[in-house]
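Trainee: I have a structure open and I'd like to learn how to read it. Can we go through it together?

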Amino acid sequence: MRRDMLQPVRGMRDLMPEEASMLRFIEGNARRLAELYGYEEVITPIIEHYELLAAKIGEENKKRMYVFEDLGGRKVALRPEFTASIARLVATKMATAPKPIRLFSFGSLYRYDEPQLGRYREFWQANYELIGSGRPEADAEILLLTNDFLKGLGLRNYIIKVNHVGILRGILGGEGISEDGQNTIMQALDKKNWDEAINLAERLGASERCIRILGYLIDIRGYDKSEFISKVEEAVKGYPEAVSALTNFKEIINLLEKAGVKIQFYFEAGFARGLEYYTGMIFEAYVPELDIAICGGGRYDKLIESFGGGMVPAVGVAFGVDRMMLAMEKQSISIPGSQKEKVLVIPLSNELLAEAIRLVSVLRENGIPSEIEVMGRTLSRALSDASRRNITHAVIIGLKEKSEGKVVLRYMGDKVQEEIRIEDLPVKIRFKSSPHGG
Ligand code: AMP
């Protein structure tokens, strides 16, 4: 085998035990949150028809899909996001389900992105979609859920960058720029190519006044809500669709404010997102230690309709689990360690092996995580390895003790031990402290 074949494929990673437990810790939080908010889990396939996944994902993202033909000649792709699969479900199997529908998914996604810190070709998301309501309280719920998730992980000083795509689209549409034209401009904005976006608008026929407004709008950003709103209000005059988008945006933010929810918003009028199906409020969250978004979401009212599912408004959020892991690491947030006891059973000779196997089975039946010494090491070596691996109790089986129906229980932390009856072992391990009171 060539040596480089022993490395994971570029952009793919092995999650080693510590990373895997971090990922599962975040998954556990994601599930609890889903339950608290009433989101039910659906598990959709990793492979979908290319056409479904490519339909509304935007030109840039389309180029980054893992596309292939399966053995039946179907053009398929690995999912680059959950939203298309969820929209497919809602347009088909759930078409007659009563609204609202709240769906949660957790799993891996695939994008041929350029690998770098926090950007991988296989990554994980926790995804929440609230389907069937176009009302501001639905957008507010998704923002609240986002804040609860980040706060619940112990993350600090994060901001949620928000905007409403209806503001820019309202202006561009008011100038007669087609949806496709608007999409290319939004893509440029997503990449922070402000000048390119304005040049594009100019080429697509935007008026001189509009170009001036766009230049002004793109610069409006900051933490002050009132200042942001009054500046945008000024900019959107004469574009009725943009005015109503701003009104909708104000309703969402004001609702949270009135409810007393404390979220650190950062308002940015030139902020757009790569996925082109967004129709309303959009957002991303950032921690100061990382300049990449840890989650992103927004309202998409036309996607389900475009899959033939009727006019079903929806809003959702996707959390980048890998980036949450990075953010937690940067902020030195560790996951709560297991408080549980962990036992190593050491037979002192080969003839006691069967007894050791019997004993670990009893302990496991009692719900006590127990391992058996399988390396045939001497007692002292087995014990020093046990300390290294955070074993809390060693159970040492010797011939003499066995003949008396006893074993030696060693409390690893206190480095003390006592002889106890085998039948008392589970209770002793679970409930009693060491004889030295540890
Ligand atoms: P998106 O579906 O593009 O809105 O992405 C939602 C979230 O998924 C982002 O905010 C990231 O946290 C995460 N994400 C997107 N692409 C990647 C990637 N290539 N590697 C790791 N995380 C990603």
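Mentor: Let's start at the ligand, and keep in mind that this is a predicted model. An oxygen atom of the ligand sits 2.8 Å from an N or O atom in the side chain of Arg 111.

Trainee: Which residues around the ligand come nearest?

Mentor: There are 16 residues around the ligand, and the ones that come nearest are Arg 111, Asp 113, Tyr 120, Gln 125 and Arg 273.

Trainee: What about the backbone? How far is a polar backbone atom of Ala 293 from an oxygen atom of the ligand?

Mentor: That distance is 3.0 Å for Ala 293. Cys 295 takes part too: a backbone N or O atom of Cys 295 is 3.4 Å from an oxygen atom of the ligand.

Trainee: Cys 295 is in a strand, right? How do I read strands that sit side by side?

Mentor: Here's the general idea: strands of a sheet pair through backbone hydrogen bonds, and they do so either parallel or antiparallel. In this structure, Cys 295 belongs to strand E11, residues 295-299. E11 is part of an open sheet of nine strands, in the order E1-E5-E6-E12-E11-E10-E7-E9-E8, and the pairing is mixed. At the edges are E1 (40-41) and E8 (221-222), each pairing on one side only.

Trainee: Which strands pair with E11, and over how many bridges?

Mentor: On one hand, E10 (residues 281-286) is joined to E11 by four bridges, running antiparallel. In that pair, Phe 283 has Gly 297 as its bridge partner. On the other hand, E11 pairs with E12 (residues 314-320) over five bridges, again in the antiparallel sense. There, Arg 299 stands opposite Val 315.

Trainee: Is E11 mostly covered or mostly open?

Mentor: Mostly covered: five of its five residues are buried. Cys 295, Gly 297 and Arg 299 point one way, Gly 296 and Gly 298 point the other way, and all are buried.

Trainee: Can you show me another pair in that sheet?

Mentor: Sure, try E5 (residues 101-110) and E6 (residues 122-131), which run antiparallel and are joined by 10 bridges. Phe 106 has Ala 126 in E6 as its bridge partner.

Trainee: How do I read the two faces of a strand?

Mentor: In a regular strand, side chains alternate between the two faces of the sheet. You can follow that along E17 (residues 416-421): Val 416, Glu 418 and Ile 420 point to one face and are buried, while Gln 417, Glu 419 and Arg 421 point to the other and are not.

Trainee: Which strand is joined to E17, and by how many bridges?

Mentor: That's E16 (residues 406-411), with six bridges in an antiparallel arrangement. Tyr 411 stands opposite Val 416. The two strands form a hairpin with four residues between them, and Lys 415 in the turn has a positive phi of about 55 degrees.

Trainee: Last topic: empty space inside. How many cavities of 30 Å³ or more does a search find?

Mentor: The search of the whole structure finds one. About 60 Å³ of space lies in it. Among the lining residues are Val 165, Arg 169, Met 186, Glu 276 and Arg 273. You've met Arg 273 already, as one of the residues that come nearest the ligand.

Trainee: Which helix gives the most to that lining?

Mentor: H7 does, with three residues. H6 (165-174) and H7 (179-190) each supply at least two. By type, the lining has four nonpolar, three polar and three charged residues.

Methods:
Residues numbered from 1 in each chain as written. Predicted model: local features only at pLDDT ≥ 70, side-chain atom pairs only at ≥ 80, totals over all residues. Heavy atoms only, no water. 1 Å grid on protein atoms, 1.4 Å probe; cavity = no way out; pocket = protein on both sides within 12 Å on 5 of 7 lines; lining within 4 Å. Points joined across faces, edges and corners; volume = space filled by probe spheres on them. Nonpolar A, V, L, I, M, F, W, Y, C, P; charged D, E, K, R; others polar. Buried < 20%, exposed > 50% of the residue type's maximum accessible area, 1.4 Å probe, protein only. Pairing = 2+ DSSP bridges. Near = heavy atom within 4 Å. Polar contact = N/O pair within 3.5 Å; in protein donor to acceptor, adjacent residues only side chain to side chain.
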